[in-house]
Amino acid sequence: MPGAVIVGAQWGDEGKGKATDLLGSRVDYVVKFNGGNNAGHTVVIGDQKFALHLLPSGILTPGCTPVIGNGVVVDLRVLFEELDALNERGVDTSDLLVSNAAHIIAPYARTLDNVTERFLGKRKIGTTGRGIGPAYADKINRLGLRMGDLFDESLLRDKIEGALVAKNHLLVKVYNRRAISVDEVADELLAYRDRIAPHVTDTSLVLNNALDAGETVLFEGGQATMLDVDHGTYPFVTSSNATAGGACTGSGVGPTRIDSVIGIAKAYTTRVGEGPMPTELLDKWGDRLRDVGYEFGTTTGRPRRCGWYDSVITRYASRINGLTDIVLTKLDVLTGIQEIPVCVSYDVDGVRHQDLPLDQAAFAAAEPVYETFPGWDEDISGCREFSDLPRNAQDYVKAVEELSDCRISTIGVGPGRDEIIQINDLLHTRA
């Protein structure tokens, strides 16, 4: 059975949770392989809406084992708040597995994230302030705390002490904040030790054994391609690899086990935080997309920046991730717009770019070159076959597919779990 990766093909918030949930009944394991509680998925099941921040979407599907991989940074307080909220709503969370090598977001990481962002002023990144970046920085600097450290209190305290040596100097002497003690950090983290213990294991071994046994494993990325620390719009990016390659490093499963890579893209484009966005609309059309599409962050509630579909970005995502399929979400949001522009290339100082400019300044200066397609007025939320769509909607999807260099296999026509058009099977084995 296949190993499949789901990644965002734009700047995030594309509807990855819905895509994961769509496949959930056919999947044995769903793995979150990067990020932390700095992003979220909203999944609608019947008349219930679930907002997930740290947990993989598969936790909502009975019989599917949810996994937090080694590439994730975990805020234990947030994890158990989320688990408790799901338990109160009748969701069984007992099968959750957490990698013993996943890093922990310590309290001082949250503090540093917030004071550093304020200190940057106009150069701020647009971080959520949840300690994600500092936790990954500690990981790379070999000062991080891992999930397995919770079960050796002496080692944990020693690591905390080592991490706080430089951090307290920074907090006190640069940011004029109080120093943080080893005890307050250790006590907060150890309070979760007994609760997390049943969930912690060698998830790499579990997942490889599952694939060997013919089970299906779905790897679910947080954030998206254009927020990837290596391949995104640096420095306005997240602190982890949100592209398909991150599924391997963030889970301990080799690339030869991956059969399909599914990119999720909205029928238009959104972004949160700072950084360039060529198709951003600062007019009534941007407001319309935001209001009709309810474009507000699942985690932060921040209004999203909205713009027309950017095929340059999606072509780039197709290349970087090796996409085999695209799930095009929120096509219904475009209903009622008489003429729909699509960005087909960029103009940078009079030079046409079909592909993403390599230079940061060039991308920031890029002006979108649009091709316009006729819209439709018909309600498409009840469409379940591609042929059910109005002709203009079909033509729009076909044009976007060609411009994006990847086949569109699923189309979202409404917010509900079943409001989709399935064209091709997303779970398949490469020829």
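# Exercises on a predicted model

The UniProt annotation "binding site", from an unreviewed entry, covers D13 and G40. UniProt positions follow the numbering used here, feature names are shortened, and annotations may be inferred rather than shown by experiment. This is a predicted model: local features need pLDDT of at least 70, side-chain atom pairs count only at pLDDT 80 or more, and totals for chains, interfaces and linings use all residues. Residues are numbered from 1 along each chain as its sequence is written, and side-chain values use heavy atoms, with hydrogens and water left out.

## Exercise 1. The annotated D13

Task: place D13, classify its exposure and list its contacts.

Solution.
- Step 1. Place the residue. D13 lies in the loop between strand 1 (3–8) and helix 1. Helices (H or I, at least four residues) and strands (E, at least two) are DSSP runs, numbered from the N terminus.
- Step 2. Classify it. Buried means under 20% relative accessible area, exposed over 50%, and partly exposed in between (1.4 Å probe, protein chains only). D13 has a relative accessible area of 23%, so it is partly exposed.
- Step 3. List the contacts, that is, heavy atoms within 4.5 Å. Leaving aside neighbours within four places in sequence, D13 contacts K266, T270, V272 and R304.

## Exercise 2. Unusual backbone

Task: find the cis peptide bond and two non-glycine residues with positive phi, then compare their settings.

Solution.
- Step 1. Recall the norm. Most residues other than glycine have a negative phi, and most peptide bonds are trans.
- Step 2. Find the cis bond. It runs from Y234 to P235, with omega near 5°. P235 sits in the loop between strand 10 (217–220) and helix 9 (245–249).
- Step 3. Take Q223. Its phi is positive, about 55°, although Q223 is not a glycine. Q223 is also found in the loop between strand 10 and helix 9. Its relative accessibility is 7%, so Q223 counts as buried.
- Step 4. Take D349. Its phi is positive too, about 55°, and D349 is not a glycine. D349 is in the loop between strand 16 (339–348) and strand 17 (351–353). With a relative accessible area of 73%, D349 is exposed.

## Exercise 3. Two loop residues

Task: say whether S251 and H199 are buried or exposed, and name what they touch.

Solution.
- Step 1. Place S251. It lies in the loop between helix 9 and strand 11 (260–266). At 1% relative accessibility, S251 is buried.
- Step 2. Look for a polar contact (a pair of N or O atoms within 3.5 Å; within protein, one must be able to donate a hydrogen and the other to accept it, and residues adjacent in sequence count only if both atoms are side-chain atoms). A polar atom of the S251 side chain lies 2.5 Å from the backbone oxygen of A247.
- Step 3. Look further along the chain. Not counting residues up to four places away in sequence, S251 touches V31, N70, S204, L207 and F219.
- Step 4. Place H199. It is in the loop between helix 7 (193–196) and strand 9 (200–201). Its relative accessible area is 10%, so H199 is buried.
- Step 5. Check its partners. H199 and L97 are 102 residues apart in sequence, yet 4.7 Å apart in space, C-alpha to C-alpha. Beyond four places in sequence, H199 touches T93, S94, L96, L97 and V98.

## Exercise 4. Empty space

Task: describe the largest cavity, the second largest cavity and the second largest pocket.

Solution.
- Step 1. Fix the terms. On a 1 Å grid over the protein atoms alone, a cavity is a set of points where a 1.4 Å probe fits but cannot get out; a pocket is an open set with protein on both sides within 12 Å along at least five of seven lines; lining residues have an atom within 4 Å of a point. Grid points are joined across faces, edges and corners, and a volume is the space filled by probe spheres set on the points.
- Step 2. Count. The structure holds three cavities of 30 Å³ or more.
- Step 3. Take the largest cavity. Its volume is about 60 Å³. Strand 8 (103–104), helix 3 (107–120) and helix 4 (132–140) each supply at least two lining residues.
- Step 4. Take the second largest cavity, of about 50 Å³. Its lining is K18, A19, L22, V327, T329, T410, G412 and I420. Helix 1 gives the largest share, three residues.
- Step 5. Take the second largest pocket, with about 270 Å³ of space. It has 16 lining residues; G232, T233, L356, P357 and L358 lie nearest its centre.
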